[in-house]
Amino acid sequence: MERPFFTVQHYIDGMFVDGGPRFEVFYPATNEVIGTAPEGGRAEVDAAVSAASRAFKSWSRTPAAERRLVLKRFAQLIRENEADLAATESWDVGRTMRENTHGYIPRIAANIEFFADFAVTHGSSAYPMDNGYINYVLHQPVGVAALITPWNIPMLLATWKLGPALAWGNTVVLKPAELTPLGAWKLAQLADQAGLPPGVFNVVNGFGPESAGQYLTEHPGVRLISFTGETTTGKAIMTVAAQSLKRLSFELGGKGANIIFADADLERAVNISMRSSFFNQGELCLAAPRLLVQRPVYEQFVEKFVAATKALKVGDPFDHSSNIGALIAPEHLQRVEGYVHGVRNSTAEILTGGERPLLPAPFDKGNYLSPTVIVGTQHSDRICQEEVFGPVVTVAPFDEEDEVVAIANGVSYGLSSVLQTRDLGRALRVAAAIEFGTVWVNDFFVRDLRAPFGGAKQSGIGREGGHYGLEFFTETKTVCLSNV
Ligand code: NDP
């Protein structure tokens with residue numbers, strides 16, 4: 001695959017501009033430089049927030065049906081550019097094209113389309129009182145939204161925030177992760193082509209602390225912040241944002257459990273577990289890397305799961321036979337390997353993986369780790385408590401329902417988990433008892449955009465999706481109307 005070179009720019013007030021020193025963008029699969037992006041500072045953040053504030057005056061008053069038209073054009077352009085966007089995401093993240101072409105880009109378009117429609121069809125409610133008065137509720141745009149996204153699924157998360165923010169009449173400044181600036185830049189090009197008015201959607205590239213990210217979160221012109229990223233970053237943003245009491249929505253880290261009861265369809269359970277363990281090289285907040293298997297099927301499950309893991313092909317993201325791509329950066333690979341090395345010094349056992357695979361040049365320079373399955377860990381071990389964010393899972397047996405609920409809940413995170421059983425009563429009981437924002441029963445990663453999404457405990461604050469997003473992205477106003 002011929003390597004492109006991306007000269008990324010900011011998108012401010014409807015113009016693609018430079019600003020700040022340039023930093024290099026690396027292809028995770030080879031660690032070659034594939035582009036540069038500008039590091040925005042206060043000047044670029046100020047310019048973007050000013051543009052967004054000016055645009056807010058007209059965009060917020062534009063009828064939702066008109067906003068829908070332009071957002072639908074944007075979504076249509078995303079669909080028409082599926083091949084280019086899928087490739088961009090592979091260059092950016094190192095994820096395989098195989099995963100990018102299985103509904104990934106259509107879902108990005110759907111994030112925009114769904115909220116464009118939803119904002120037209122959902123909104124006001126009215127409460128007639130016994131005395132003839134009427135109270136009615138308006139949902140009005142809030143102002144300039146800062147959207148801050150991580151590097152693992154850049155375009156999906158950017159559109160997940162852009163869709164509701166824009167559909168409900170806010171204007172936005174998006175700050176993508178420094179490691180993956182390509183997707184936001186491509187999306188800005190398509191939004192521009194779709195005719196989104198200048199200033200409605202801005203992108204400022206840069207870093208986090210003492211850079212574009214922090215400057216955005218402390219900017220007095222920003223009214224709300226939708227942030228996805230690490231829990232520690234969320235805490236830092238909350239501290240800064242408290243100074244001007246900004247509205248916050250946080251989607252943070254995760255450490256999901258994948259609970260497999262003995263009555264589950266074992267073949268299906270293995271397939272689901274492959275996805276919930278290794279999708280996006282395991283660099284997924286929603287991943288469920290703690291596999292908990294009921295003892296009667298434990299040995300059988302481990303045998304099948306390890307065989308399926310060994311069959312995964314690690315390598316060139318653009319080779320459609322590759323199942324597992326590269327981790328985002330050398331430092332991250334080392335961090336993930338650190339957890340594996342910790343296991344080597346314990347009584348736990350690595351059944352497969354744990355090594356850098358031998359790949360032909362130029363992929364021998366990439367950030368690859370073979371998918372890794374570990375048994376014999378203790379639930380209190382670091383690897384079972386902390387977010388590893390790589391293709392590394394632990395498998396442990398359990399006996400009783402209460403026991404597995406306690407293990408699943410025994411972490412500080414609470415984003416999502418997977419539950420596999422054919423017993424409906426058990427599914428209902430356990431889904432209610434485990435402390436996670438989303439529970440998948442007999443599947444993974446399938447969610448209606450009307451449903452709320454967000455995390456319990458250290459995994460987030462608030463929910464987005466459907467009318468839950470409406471609550472966050474609009475100011476709710478009650479008008480009390482007298483009948484005299
Ligand atoms: P980070 O928290 O490091 O970064 C996320 C974004 O915040 C980046 O754009 C980053 O910029 C920016 N940022 C960093 N520090 C600050 C700051 N002080 N002020 C403002 N912005 C800042 O997360 P990662 O990019 O490492 O992403 C991985 C994390 O994201 C994992 O913990 C994962 O679980 C979580 N995540 C959660 C999801 C969910 O839905 N709950 C979904 C996907 C990921 P820069 O890149 O320049 O540092």
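Domain bounds, as used here, come from an automatic or database domain assignment. The model is predicted: local features need pLDDT of at least 70, side-chain atom pairs count only at pLDDT 80 or more, and totals for chains, interfaces and linings use all residues. Residues are numbered from 1 along each chain as its sequence is written, and side-chain values use heavy atoms, with hydrogens and water left out.

**Exercise 1.** Determine which domains and elements supply the shell around the ligand.

*Solution.* Step 1: domain 1 (6–252) and domain 2 (257–441) each give at least three residues to the shell.
Step 2: the space that the ligand takes is the largest pocket. A pocket is an open set of points, on a 1 Å grid over the protein atoms alone, where a 1.4 Å probe fits, with protein on both sides within 12 Å along at least five of seven lines. A molecule sits in it if more than half of its atoms lie within 2 Å of its grid points.
Step 3: two or more residues come from each of helix 8 (212–218), strand 11 (222–228) and helix 9 (231–242). These are DSSP runs (helices H or I, at least four residues; strands E, at least two), numbered from the N terminus. Helix 8 has the largest share, three residues.

**Exercise 2.** State which polar contacts (pairs of N or O atoms within 3.5 Å) the ligand makes.

*Solution.* Step 1: a polar side-chain atom of tryptophan 151 lies 2.9 Å from a ligand oxygen atom.
Step 2: a polar backbone atom of glycine 208 is 3.2 Å from an oxygen atom of the ligand, and for a backbone N or O atom of glycine 206 the distance is 3.4 Å.

Conventions:
Polar contact = N/O pair within 3.5 Å; in protein donor to acceptor, adjacent residues only side chain to side chain. 1 Å grid on protein atoms, 1.4 Å probe; cavity = no way out; pocket = protein on both sides within 12 Å on 5 of 7 lines; lining within 4 Å.
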